[in-house]
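Today I opened my notebook to look for empty spaces inside a protein, and then for a sheet. Here is what I was looking at.

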Amino acid sequence: MTLTTTTPRLDAGWLLDLLDTRPRGHSLPGACYSDPAVHELDLRLIWQRQWIFVGSVAEVPEEGDFLSIDLGSASVVVLRDDDGRLQAFRNVCRHRGSRLVTESHGCVGNIVCGYHHWTYATDGRLLHAPQLPPTAERAALGLRTVHLREVAGLLFVCLAAEPPGDIEDVARVVAPYVAPHALDRTKVAAQTDLVEHGNWKLTMENNRECYHCDGHPELLCSFFPTWGLADHQVPERLRADHDRYLLAQVDLERRSEDLGLPYALVEDLGRPVGFRLHREPLDGAGESFSPDGTRLVGRLLGDLPDARLGRLGLHTQPNAWFHAQADHVVTFAALPVSVDRTLVRTTWLVHEDAVEGVDYDVASLTATWRATNEQDAAFVALTQAGVADPGYEPGPYSEAEEQVEAFVAWYDARIREEAAR
C-alpha cells in the first residue's frame, strides 16, 4: 500500500476493508455514501485521477471563452486560446494561489488575478507581474496545465500526472457515434445547475437504472414502457409494448444503415474510462423528448436529413451521461460538492443557426429533463437520508439494476487500483 497519511481513516486500507464487506449484487455500505473520510478518498482516488467530463465545445466557441469546474478543492479552467486551441489549467494563480476565475463560464482577453493583478495569456503564459524581481524566471511561472481530451466535441479533463491511457481506445469507439450530431456546430440553448442532496455515487447509481422510472411521467412519454428490460423480464401486460419497441428498433437500424450511422450497443463499463452507448428508438413519433415524440427543434443537427433517429445514449464513468437526438443533444455532468451534495449540470445543445422563438422554444425544449431532474433529485435525497440512517443495511439489486452493479464494481476496482499506485 503506497497511500498513507497521518490520519488513519484517510488511509485507503480502511476503505478497502469496507468494500470487502459488500457481497456482489448488493448496494454499498452506508459509510461509502455518508462518511467524510470516504468522500476525501473518493476525491483523491477517483476525481483527481480519472477522466472527468466537464462540458462541450459549444460552451467555449470563441477565443477567450472559458468554463470552470470544481472537483472537490481543485478547480480547473478550460479555455479556448487566441489561436483557437482548447487548453485546461489549474485555476490557481502562480503568485499566492488566489482563484483566477470564479464564474462557471465567461470570456477573457487575458486572465488577470484579482488579488495582485498577475496577468496570464490565454495560452497560460505569464505576461505581467507587478514588481516581480528581474531575477525571477517568468517563463516558469505560467499556469499549470491539466490534461484535456476532446471526444467529438465532448470535453474531458484529468488532474493526474499520468491519466488513464485507455481514453484513446474509448474515443475511437465513441467518436463515430457522436460525430454525426456535429457538436462543433451547436450552441447552448439552455443550461441548469441542480444540487442534489446526495452523495455523487447515489446520483450516478440512480442514473444507471430505470427500475424507478414510474416516477418519471414526462420521460415515459419518450421511453418505451419496457425500456431497459431484457426479454425474459418483460411482464405479460407489457408484451404488446415490447413488441412495438422491437419493431421500432428494427426500423431505426434500417434508417441508421441508410445514413451510415453506427447504432449497435457497445458496453465496456469495467475499464478506467468505463462507457456504454447505444442508438435506440424513442416512443411516439420517435424524434425527440417531447410528449408526443415529435421534434423540439426545427433545424436538425449537422447534416442529418432524418428526424426519426431515436436517441443515442452515452454514459461515461465516473460522472456523465448524454442523449443525442437528431434535433438536439443533452449533456449531464455530475460533480461532487460535499459528501452529501452533488451538482448536476444539464446542458441543451441545438444547431448553431437555430433561432430561439423560431426554431425552438426553451421551455418546451427543456421541459422533460427539468421535470425528470427534479424527480431524480427527490429520489436521491430520500436515499441519502436512508443510507445515513443507522438502520440501513445494503440490499440486493434487482435484475433491472445490472448497470448499477456495474458502476459499483467499477468504483470498487478504481479505488483498489489507485490505492495500489
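**Entry 1: Cavities**

I searched the whole structure, which is a predicted model, and found four cavities of 30 Å³ or more. I then turned to the largest cavity, where about 380 Å³ of space lies.

Which residues lie nearest the centre of the largest cavity? I noted Asn207, Arg208, Trp227, Trp321 and His323, out of a lining of 31 residues. I also looked up which elements give two or more residues to this lining, and I wrote down α5, β13, β14 (311-316), β15 (320-324) and α7. Sorting the lining of the largest cavity by type, I got 12 nonpolar, 12 polar and seven charged residues.

**Entry 2: The largest pocket**

Next I moved on to the pockets. For the largest pocket I have a volume of about 850 Å³. I counted 33 residues in its lining, and nearest its centre I found Cys210, Thr226, Trp227, Gly228 and Leu229. Trp227 caught my eye, since I had already listed Trp227 near the centre of the largest cavity.

Which elements each supply at least two residues to the lining of the largest pocket? My list reads α6 (239-259), β13 (275-280) and α8 (402-419). By type, I split this lining into 15 nonpolar, eight polar and 10 charged residues.

**Entry 3: The second largest pocket**

In the second largest pocket I read off a space of about 370 Å³. I found 17 residues lining this pocket, with Leu202, Glu205, Glu209, Thr383 and Glu401 nearest its centre. Both α5 (200-207) and α7 (362-387) supply at least two residues of the lining. Which of the elements gives the largest share? I noted α7, with four residues. The types here came out as nine nonpolar, five polar and three charged.

**Entry 4: A sheet of four strands**

Last, I followed a sheet. I reminded myself that strands of a sheet pair through backbone hydrogen bonds, either parallel or antiparallel. Is the pairing here parallel or antiparallel? I found it antiparallel, in an open sheet of four strands with the order β4-β3-β2-β5.

Why is one side of β4 and of β5 left without a neighbour in the sheet? I worked it out from their places: β4 (86-90) and β5 (105-107) stand at the edges and each has a single partner strand, so one side of each stays free of a neighbour. From one strand to the next, I noted an average twist of 25 degrees.

I then zoomed in on one pair. Strand β2 (residues 65-71) is joined to β5 by three bridges, and the two run antiparallel. For Phe66, I found the bridge partner Gly106 in β5.

Key
Residues numbered from 1 in each chain as written. Predicted model: local features only at pLDDT ≥ 70, side-chain atom pairs only at ≥ 80, totals over all residues. Heavy atoms only, no water. 1 Å grid on protein atoms, 1.4 Å probe; cavity = no way out; pocket = protein on both sides within 12 Å on 5 of 7 lines; lining within 4 Å. Points joined across faces, edges and corners; volume = space filled by probe spheres on them. Nonpolar A, V, L, I, M, F, W, Y, C, P; charged D, E, K, R; others polar. Pairing = 2+ DSSP bridges. Axes fitted to C-alpha atoms, helices over the stretch in contact; angles between N-to-C directions.
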